[in-house]
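This report describes the fold and the side-chain contacts of one protein chain. Please keep the sequence and the structure at hand while reading.

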Amino acid sequence: MTDITDPLVFDENDVQIRAPKTYAAGIPAVLVSLRHGLEQMGPVRTARTLAKLNQRHGFDCPGCAWPETPGHRKLAEFCENGAKAVAEEATTRTVGPGFFARHAVSELLERTDYWLGRQGRLTHPMIVRPGGNHYEPIGWDEAYAVIAEHLRAVADPDEAIFYTSGRTSNEAAFVYQLMIRAFGTNNMPDCSNMCHESSGTALAETIGIGKGSVSVTDLEHADLILVAGQNPGTNHPRMLSVLEKAKANGARIIAVNPLPEAGLLRFKDPQKMHGVVGAGAQITDEFLQIRLGGDQALFQGLAKLLLEAEDRRPGTVLDRDFLDRECAGFEQWATHIRTVDLDMVLAATGLTRTQLDTTAEALIRSKGTIICWAMGLTQHTHGVATIQDAVALLLLRGMIGKPGAGVCPVRGHSNVQGDRTMGIWEKAPEPFLHALDDEFGITSPRQHGYDAVEAIRAMRDRKASVFMAMGGNFLSATPDTEVTAAALRTCALTVQVSTKLNRSHLVHGTTGIILPSLGRTDTDIRAGRKQLVTVEDSMSVVHLSRGGLTPASAHLRSEVAIVCELAQHLFGSEHSVPWARFADDYDSIRNAIARVIPGFEDFNTRVRQPDGFVLPHPPRDERRFTTTSGKATFVVNDLHWLPVPEGRVILQTLRSHDQYNTTIYGLDDRYRGITAGRRVLFINPADIDILGFTPGDRVDLVSEWTRPDGTVEERRAEDFRLVPYPTPVGNVAAYYPETNPLVPLDHVARKSNTPVSKAVTIRLEPHTPSEDTLEISRRELDPTAI
């Protein structure tokens with residue numbers, strides 16, 4: 001095939017800056033969806049694929065984990081970014097042995113992530129051997145033999161690390177963790193470690209389960225919805241139709257976010273007339289433009305106001321019956337909250353006292369309150385504390401375990417929650433491990449394994465020599481990119497199970513292997529029978545996914561088959577786990593899951609119901625809290641916020657509207673007014689003046705992080721264009737993975753160990769192009785240079 005010839009790098013002088021959009025979706029979203037589909041798949045394949053996306057007899061979106069509306073699905077049950085995700089996976093472009101023969105690894109490293117992703121689907125198992133600079137074909141059995149040989153050669157099973165992406169199905173995740181534990185380690189970092197680990201940690205301690213407690217129906221019938229640290233217009237667009245319905249039912253929606261995102265302002269549903277020719281629906285009733293890291297102060301300040309209102313009107317504000325019967329730690333927590341200084345709350349949040357009072361009154365009036373959040377809350381040093389304070393705000397009024405009320409952590413990747421349910425966790429609880437051992441006759445290790453940050457440290461410190469990734473783009477998803485790259489290169493073997501080419505394939509160990517897998521859209525035939533997989537969405541609904549497209553290559557294998565076939569090479573044919581049966585019959589995997597994991601009883605029958613089934617959630621279903629106290633728990637947390645050092649700004653990393661996680665679909669960010677570029681820094685005009693720059697200047701970003709011993713570490717990311725934007729003064733934003741090199745590996749959230757990607761202290765320095773950069777710019781103007 002002909003390589004897709006996008007530039008090596010992009011000249012940021014070509015970036016065009018327009019006014020940000022004031023609405024999300026609408027006809028432009030339809031046109032962009034069709035353009036991506038036609039470009040990658042052609043008209044017939046586009047129509048066939050999108051018609052099956054998120055439908056009962058189709059396949060689950062490989063993008064986000066937002067659920068479908070139970071009992072009713074639209075003709076087009078997908079969003080713009082879902083259509084882009086499908087186009088990327090179902091593309092007719094391919095990357096085979098000829099591509100790797102033409103392109104050395106060292107050359108591919110110079111290409112952009114966007115260019116790499118656009119080349120197409122991987123078609124053959126490939127290996128780069130010690131000292132080599134090209135991937136070359138390898139047979140499946142030989143690849144498995146190489147991997148098994150390296151695994152058997154480690155002195156300790158804990159020298160191997162097994163990563164999991166949130167796209168992995170329940171069945172693949174279950175057999176993957178089973179193989180890993182049978183091998184003898186709990187080293188199972190996953191993408192949750194870098195996004196919602198703070199949510200799970202906070203919720204487990206406060207309500208006893210690390211999952212959200214609400215359904216789509218709850219959202220549609222809530223009185224008050226707080227959307228904090230989340231941008232649904234880009235990251236979970238189908239949520240907007242649910243918010244629109246909630247508004248029509250009388251809900252009040254308060255958005256808490258540093259940026260005035262289009263999807264938080266107005267939604268034009270292209271499947272409704274007012275979304276095509278009208279103004280659409282206003283989403284937000286009140287926009288609280290909060291400073292980065294100020295959410296905990298907001299929640300504590302609101303709690304103080306509610307306690308004071310109860311003092312003035314005893315018995316009318318707090319749900320005393322719920323607090324007395326169902327909660328623990330309230331009095332100690334309330335004593336702490338009463339000491340909170342509201343002037344400090346206003347300084348930390350950047351809000352006015354009127355905004356604080358208005359929000360508190362909305363909480364008091366509401367009979368059903370839901371708080372939704374995403375990484376804007378989780379990726380801070382005090383992320384766990386922030387979420388615990390949000391939960392406390394709900395507990396005050398009994399807003400857990402009743403219709404239209406509860407917690408709603410909005411998960412990102414499509415099955416990240418299901419993977420954790422299936423046992424992809426470095427700290428799996430004893431009941432799960434005991435059931436696994438009883439079912440399969442193995443002895444699972446009990447020592448906790450490495451999470452994502454600990455895995456990078458282990459490779460860096462040469463405590464691990466084998467790294468295997470089940471999907472994802474580990475290098476681009478993790479913090480401290482240069483440290484992570486150096487860590488991966490210390491390994492004797494790196495293995496990537498992937499559908500598309502990405503940067504993690506190019507930063508490999510002494511030996512690097514790529515195992516090409518089927519995607520969510522592909523037909524999966526094993527033993528002459530079509531196999532089905534399942535996923536769990538963000539609201540604990542488990543349902544089937546049925547791929548229907550002809551795979552890009554006859555050499556592709558499913559993730560389930562890859563794991564089971566590797567396990568047979570690793571353990572031999574006499575192993576106690578029936579790997580061969582599992583590889584050919586996914587129903588048999590589900591039968592085993594039903595015996596091991598509570599809530600999955602009669603799995604195969606129940607998941608074939610039209611909308612699958614909902615997993616049990618004790619706080620929601622029974623108002624039963626499986627915490628250490630047996631009750632919903634108030635946790636006392638000191639107030640933490642982020643003053644801006646003089647001459648510095650605080651950076652948050654975020655996605656553009658043309659990407660999903662580390663996958664770059666294009667170079668535009670339509671909602672924020674950016675065209676043809678990604679190395680931009682959104683900054684308040686006042687900060688541009690204060691720091692001595694002018695709009696459009698090109699600057700280098702230098703992060704400054706003070707270690708516990710007092711030493712200051714600096715990291716640099718070069719050549720970002722200053723874009724005036726209505727951010728809070730002292731706060732800036734830029735896209736990842738371009739800014740991941742600025743995030744220190746050891747700067748993590750307390751308790752959850754999540755990288756602090758939403759609070760990076762940086763200074764700006766004028767950018768001076770190096771001679772190498774100038775040479776690349778000259779080369780890219782020559783069309784024969786690619």
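Are Phe600 and Phe613 buried or exposed? Both Phe600 and Phe613 are buried, a statement that, like every other one here, refers to a predicted model.

**Overall form**

The protein chain is made up of 32 helices and 33 strands, and buried residues account for 64% of its 786 residues. Its C-alpha atoms fill a box of roughly 75 × 65 × 60 Å along the principal axes. For a chain of 786 residues a compact globule would have a radius of gyration near 28 Å, and the 25 Å of the protein chain agrees with that expectation.

**One helix with two sides**

Helix H2, which covers residues 43-50, shows how burial can be distributed around a helix axis: Thr46, Thr49 and Leu50 are buried there. These three residues lie on the same side of H2, because the arc that they cover around the axis is only 85°. Val44 and Ala47, by contrast, are exposed on the other side of H2.

**Aromatic contacts**

A pair of aromatic rings is described by the distance of the centres and the angle of the planes. The count comes to 20 aromatic pairs. In one of them, Phe440 and Phe582 meet edge-to-face, with 6.1 Å from centre to centre and 85° between the planes. This pair links distant parts of the chain, since Phe440 belongs to helix H22 (residues 430-440) and Phe582 to helix H27 (residues 579-584), 142 residues apart. Both partners are enclosed by the protein: Phe440 is buried with a relative accessible area of 4%, and Phe582 is buried with a relative accessible area of 2%.

The rings of Phe600 and Phe613 have centres 5.9 Å apart and planes at 85°, and so this pair too is edge-to-face. Phe600 is found in the loop between helix H28 (586-596) and helix H29 (603-606), while Phe613 is in strand S23 (residues 613-614), so that the contact ties together parts 13 residues apart in sequence.

Elsewhere, Phe99, Phe100, Trp115 and Tyr135 form one aromatic cluster. Trp115 has a charged neighbour as well, for Arg111 lies over the face of its ring at 4.1 Å from the ring centre. A like arrangement is given by Arg655, which lies over the face of Tyr660 at 4.4 Å from the ring centre.

**The small sheet around S23**

Strand S23, which holds Phe613, also takes part in an open sheet of 3 strands, with the order S21-S22-S23 and antiparallel pairing. Strand S21 (533-536) and S23 stand at the edges of this sheet and have a single partner strand each, so one side of each is left without a neighbour in the sheet. Strand S22 (residues 541-545) runs antiparallel to S23 and is joined to it by 2 bridges. Opposite Phe613 in S23 stands Val542.

**Salt bridges**

The count of salt bridges comes to 48, and the table sets out three of them.

| Acidic residue | Basic residue | Closest N to O | Separation in sequence |
|---|---|---|---|
| Asp190 | Arg420 | 3.3 Å | 230 residues |
| Asp585 | Arg529 | 2.9 Å | 56 residues |
| Asp746 | Arg707 | 3.2 Å | 39 residues |

Asp190 lies in the loop between helix H8 (170-183) and helix H9 (197-206), and Arg420 in helix H21 (residues 416-421), so the pair ties together parts of the chain that are 230 residues apart. Asp190 counts as buried, at 1% relative accessibility.

In the second pair, Asp585 sits in the loop between H27 and H28, whereas Arg529 is in strand S20 (residues 529-530). Asp585 counts as partly exposed at 21% relative accessibility, and Arg529 is partly exposed with a relative accessible area of 39%.

The third pair joins two loops, with Asp746 between strand S32 (731-735) and strand S33 (760-766), and Arg707 between strand S30 (698-706) and strand S31 (712-724). Here Asp746 is partly exposed with a relative accessible area of 23%, and Arg707 counts as partly exposed at 25% relative accessibility.

Beyond these pairs, a network of salt bridges links Arg648, Asp700, Glu704, Glu714, Arg716, Arg763 and Glu765.

Key:
Residues are numbered from 1 along each chain as its sequence is written. This is a predicted model: local features need pLDDT of at least 70, side-chain atom pairs count only at pLDDT 80 or more; totals for chains, interfaces and linings use all residues. Side-chain values use heavy atoms; hydrogens and water are left out. Buried means under 20% relative accessible area, exposed over 50%, partly exposed in between (1.4 Å probe, protein chains only). Helices (H or I, at least four residues) and strands (E, at least two) are DSSP runs, numbered from the N terminus. The arc is that of the directions from the helix axis to the C-beta atoms. Rings of Phe, Tyr and Trp (its six-membered ring) pair if their centres lie within 6.5 Å; planes under 30 degrees apart count as stacked, over 60 as edge-to-face and the rest as tilted. A charge sits over a ring if NZ of Lys or CZ of Arg is within 6 Å of the ring centre and within 35 degrees of the ring normal. A salt bridge is a side-chain nitrogen of Lys or Arg within 4 Å of a carboxyl oxygen of Asp or Glu. Two strands pair if DSSP finds at least two bridges between them. The radius of gyration is taken over C-alpha atoms; the globule rule is 2.2 Å times the number of residues to the power 0.38.
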